Amino acid sequence: MKPTVLIVGADKGGVGKTTITRTVLDYLASKNTLARAFDTEFPRGTLKRFHPDVTTVVDITAVSDQMKIVDTLNTSEVKISLIDIRAGLLSHTLKAFTDIGFFDAVNAGEFNFLLFHILGPSIASLDEINEVMPYTNGKNYFAVKNFVNETSFFEWDPAIYESYFKKARGALDVNIPKLNEMAFEQVELAGVPFSTFVKNKNSQGHNAKYSLVLRGYVRTWLNQIFDEYDRVSLHERLTDRAPSARSGR
Amino acid sequence: MPKNFTYIVSSLHGRAGKTLLARLIADYLILRGESPDLFDTDTVEKKLSGCFPSSATLIDLDKVINQMQLFDTLVAPASAPRVVDVTHRSFSKFFHLMEEIGYAEEARERGNEPVIFYLLNREADTYTRGLSLREHFKDCSFVLVDNEANGRPERAVQLSVDYMTLMRHDLQMKLPALDPMFATVIEDPYLSLSGFMQDPPAGMPPGKVSLAYMSLEARNAIRGWLKQVNGEIGRLLEMVRLRAEMMLRRPL
């Protein structure tokens with residue numbers, strides 16, 4: 001299998017990048033597919049708190065850490081690498097990856113590349129589409145709309161909506177529903193993957209005492225997201241297999 | 001593992017006799033020497049909590065914190081039975097939530113057996129939704145309740161497939177009608193139905209008088225009716241208990 005890199009990012013902060021990376025890790029685990037993750041919230045790390053076994057905290061602006069990711073793609077036994085890009089560094093990282101020849105290798109068929117561009121319901125967030133989209137040549141670019149609050153991404157104004165999303169032809173829409181705040185906070189407090197919370201386990205794998213109601217909310221939410229990932233054939237795309245026919249905008 | 005039971009009393013429409021049945025089950029359990037935990041989901045009328053102010057918890061199902069208070073309690077191991085009065089206003093919400101969070105499976109794993117009581121109305125959709133409810137929770141004991149005071153549905157409804165299918169359900173109880181003159185007497189929230197059945201009667205708060213005690217005729221009519229109802233509840237609860245035991249013994 002060809003090594004695959006999935007970058008999850010946005011230049012804007014607070015749009016739920018790490019949350020979505022966590023759901024992708026849960027999704028892959030549900031498919032028994034191994035993945036490694038890089039947490040660029042250097043040096044503290046945020047993703048690592050939830051998925052410590054598979055996550056490495058890196059300084060994505062440092063060449064030595066860029067090497068830790070890119071130079072190990074071929075040698076790592078785990079072929080899927082997720083990079084959770086911290087706020088403000090998406091464009092910078094994509095440019096740096098261009099400079100080191102990563103995208104040349106992608107175009108040469110050496111690596112498989114996917115981009116999860118997390119969009120928040122703001123003009124600033126939508127403005128990023130123009131900057132980010134060209135790096136994927138429109139292929140495997142996922143416009144991930146994270147419904148962090150009751151929002152519509154300007155769908156009520158077709159002119160504004162079209163002006164942004166028409167530029168993203170070929171992009172794959174992924175809609176992330178909102179999770180109940182109390183359930184989200186409980187998982188934050190528990191510091192475990194969403195799927196572990198649903199199974200009522202703590203970080204040591206022991207039985208926990210999480211609320212049945214909140215676990216139910218998280219399970220339903222996670223299942224909706226998994227359905228959405230299935231719809232865009234995310235697993236096939238990450239494992240370098242042909243996407244099924246139902247995927248698309 | 002010994003079974004504890006949660007009796008969920010529901011109906012699709014209002015005025016079906018839900019709160020009356022929830023109250024009757026609670027009083028039956030009290031007469032049997034148990035101290036049931038009661039949950040009243042009707043934040044508008046609050047009738048059940050009015051009858052049992054010290055043992056009933058009022059639950060607003062629109063609030064997540066209250067949903068947690070209800071279901072997290074219901075799923076926890078306990079020695080006392082529970083009775084939940086599901087208002088028709090929250091019928092869909094309650095059962096949707098119950099299904100979404102996987103309450104029944106987890107409750108059963110922890111030795112709690114949910115039992116759904118579904119009261120029939122005359123409206124046609126009562127039978128359609130009843131079938132759907134039974135199908136959704138086919139692992140739960142499902143008791144169809146025919147409240148005689150509600151009357152029979154129209155002939156067209158009785159000839160419908162849904163009516164005929166649902167009415168063939170095996171676990172059914174009949175709630176006999178009480179003379180309307182006395183029916184209003186027992187609506188008094190201060191009248192403890194379990195206290196009324198004790199000899200000598202007990203349970204009225206100091207300074208409160210119930211019409212149930214005022215005449216021999218009322219006393220006899222209400223007592224006779226309560227005996228009949230308690231016999232029917234006792235029969236049903238025993239059947240449910242036996243079923244749960246059989247399920248436990250069933251090879252995996």
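How many nonpolar, polar and charged residues does the lining of the largest cavity have? The legends below get to that.

**View 1. Chain B as a whole.** This is a predicted model, where local features need pLDDT of at least 70, side-chain atom pairs count only at pLDDT 80 or more, and totals for chains, interfaces and linings use all residues. Residues are numbered from 1 along each chain as its sequence is written, chains are lettered from A and ligands numbered from 1 in written order, and side-chain values use heavy atoms, leaving out hydrogens and water. The C-alpha trace of chain B spans about 55 × 45 × 35 Å along its principal axes.

**View 2. Inside and outside of chain B.** Half the story is hidden: 50% of the 252 residues count as buried, meaning under 20% relative accessible area with a 1.4 Å probe, protein chains only. Contacts (heavy atoms within 4.5 Å) tie together distant parts of the sequence: of those with a separation of 6 or more, 73% join residues 24 or more positions apart.

**View 3. The largest cavity.** Its volume is about 40 Å³, counted as the space filled by probe spheres set on the grid points, which are joined across faces, edges and corners. A cavity here is a set of points on a 1 Å grid over the protein atoms alone where a 1.4 Å probe fits but cannot get out.

**View 4. Who lines the largest cavity.** Look for Leu120(B), Tyr127(B), Asp146(B) and Arg152(B), among others; lining residues have an atom within 4 Å of a point. So, the answer by class: three nonpolar, four polar and two charged residues, with Ala, Val, Leu, Ile, Met, Phe, Trp, Tyr, Cys and Pro as nonpolar, Asp, Glu, Lys and Arg as charged, and the others, Gly among them, as polar.

Notes:
1 Å grid on protein atoms, 1.4 Å probe; cavity = no way out; pocket = protein on both sides within 12 Å on 5 of 7 lines; lining within 4 Å.
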